[in-house]
Amino acid sequence: MTHAVLPAKLATTPPSPGANPMTIPTETHAIRFHQTGGPEVLKWETVSLAAPGAGEVTLRNKACGLNFIDTYHRSGLYPVQLPSGIGLEGAGIVEAVGPGVTTLKVGDRVAYCAAPLGSYAEWRNYPADKLVKIPDSIDFNTAAAMMLQGMTVAYLIRHSFKVEKGMTVLFHAAAGGVGLLACQWLSAIGATVIGTVGSEEKAALARKHGCHHTILYRQENVAEKVRALTKGAGVPVVYDSVGKDTWEGSLDSLSPRGMMVSFGNASGPVPPVNLGILSQKGSLYVTRPTLYHYTSTKESLRETADALFDVVAKGKVKIEIHQAYALADAAQAHVDLEGRKTTGSTVILP
């Protein structure tokens, strides 16, 4: 298929004082779905745009992020009230502020990666306290591509399990959007990264981004390879966004008292588990974290975003956008994402 052409770097400065304000439409286009299912349920629709309410701003989206959690909402794995918009992540310009908003003004460049759903839209209203201002050095496409994936990596490796220099970690789907950012960030910390990938091409991509050892999960036994690479010790932490297909192998890759961080279900949800298996395999720990719970306050949201902006600004983590789709082609973006045809980050352009 033909993807949208990525635009040149967008302006990073707000409008000059006295500039003519943007005319805010009363209708806009958005991607919505009225029933759960495959990508075909996503529809391009005309929707009303009201004035921003108390605590809200009106955003003109410049770019939206594509993430696997979007497919969970669409499929019904993560239930939402229907009909619904879709998408958690975006970047744009504040064009109007509602009553009580004092932290943002018209012209501010902002990004977000949290509910309410609806980032797949040209314009939208959004809670001001869930927005972060984008540094001048970061363009809209980069911001939209980095927020959810980058802040996910931030909380995973800094809080869910604090990775330190000298540790060896296993990260599944190392060539995916989250994986490539994690490989870079973990390598910058001084950790050794073992990553699972589906092909030699993806293995090369992961290694290019800081992954020290790659495992072709379709051809190799992951746990056996991890044990070989760690001289039988296993790893203190496994980061697993795949779910059902990698559950057993992840547990078998851990050292005693190791931590299994399960943060996704790309292959389907993990079936019911007998907790006794955790003691049998080494008194293991398991957590099922979400970005929401790690950024639920203004302070934690700002701290997590600042950590991400810092490593990007210092060049320790580079955001690479490998695919772009027009907003009207969002269904095709989902087809390609679920078909494992994408690598790195993807943006959807209004």
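## Exercises: a cavity, three helix pairs and some loops

The count comes to one cavity of 30 Å³ or more. Keep in mind that you're working with a predicted model.

**Exercise 1.** Work out which residues line the largest cavity, and which helix gives the largest share of that lining.

*Solution.* Start with the volume: the largest cavity has about 40 Å³. Next, list the lining: Gly177, Leu180, Leu181, Gln184, His209, Lys318, Glu320, Gly344 and Ser345. Now look for the main contributor. Helix 3 (residues 177–189) supplies four residues, the largest share of the lining. Finally, sort by type: the lining has two nonpolar, five polar and two charged residues. If the polar number surprises you, remember that Gly counts as polar here.

**Exercise 2.** Describe how helix 2 and helix 3 pack, from angle to contact residues.

*Solution.* What do you need in order to describe two packed helices? You need the angle between their axes and the distance between the axes. For helix 2 (residues 140–160) and helix 3, the angle is about 45 degrees and the axes lie 9 Å apart. Roughly parallel would need an angle under 35 degrees, and roughly perpendicular would need 65 to 115. Helix 2 and helix 3 are therefore oblique to each other. Their crossing is right-handed.

Now for the residues that meet:

- From helix 2 come Gln149, Gly150, Thr152, Val153, Ala154, Ile157 and Arg158.
- From helix 3 come Gly177, Val178, Leu181, Ala182, Trp185, Leu186 and Ile189.

Sorted by type, this contact has nine nonpolar, four polar and one charged. Did you spot a link to Exercise 1? Gly177 and Leu181 take part in this contact, and Gly177 and Leu181 also line the largest cavity.

**Exercise 3.** Helix 2 also packs with helix 9 (residues 298–313); decide how the two are oriented.

*Solution.* First the numbers: the axes come within 9 Å and cross at roughly 100 degrees. That angle falls in the 65 to 115 range, so helix 2 and helix 9 are roughly perpendicular to each other. Then the contact. Helix 2 brings Met146, Met147, Gly150, Met151, Ala154, Arg158 and His159. Across from them, helix 9 brings Leu301, Glu303, Thr304, Ala305, Ala307, Leu308, Phe309 and Val312. By type, you get ten nonpolar, three polar and two charged residues.

**Exercise 4.** Do the job again for helix 1 (residues 68–75) and helix 10 (residues 330–338).

*Solution.* The axes of helix 1 and helix 10 come within 10 Å, and the crossing angle is roughly 110 degrees. Helix 1 and helix 10 are therefore roughly perpendicular to each other. The crossing is left-handed. Helix 1 makes the contact with Phe68, Asp70, Thr71 and Arg74, and helix 10 with His334, Leu337 and Glu338. Sort these and you have two nonpolar, two polar and three charged residues.

**Exercise 5.** Find the backbone features at Pro83, Pro116 and Ala173, and place each residue in its loop.

*Solution.* Take them one by one.

1. The bond from Leu82 to Pro83 is cis, with omega near -5 degrees. Pro83 sits in the loop between helix 1 and strand 4 (84–85).
2. Ala115 and Pro116 are also joined by a cis peptide bond, with omega about 10 degrees. Look for Pro116 in the loop between strand 6 (109–113) and strand 7 (123–127).
3. Ala173 isn't a glycine, yet its phi is positive, near 55 degrees. You'll find Ala173 in the loop between strand 9 (168–171) and helix 3.

Definitions and conventions: Residues are numbered from 1 along each chain as its sequence is written. This is a predicted model: local features need pLDDT of at least 70, side-chain atom pairs count only at pLDDT 80 or more; totals for chains, interfaces and linings use all residues. Side-chain values use heavy atoms; hydrogens and water are left out. On a 1 Å grid over the protein atoms alone, a cavity is a set of points where a 1.4 Å probe fits but cannot get out, and a pocket is an open set with protein on both sides within 12 Å along at least five of seven lines; lining residues have an atom within 4 Å of a point. Grid points are joined across faces, edges and corners, and a volume is the space filled by probe spheres set on the points. Axes are lines fitted to C-alpha atoms, for helices over the stretch in contact, and angles run from 0 to 180 degrees between N-to-C directions. Angles under 35 degrees count as roughly parallel, over 145 as roughly antiparallel, 65 to 115 as roughly perpendicular and the rest as oblique. A crossing is left-handed if the near helix is turned anticlockwise from the far one by less than a right angle, and right-handed if clockwise. Contact means heavy atoms within 4.5 Å.
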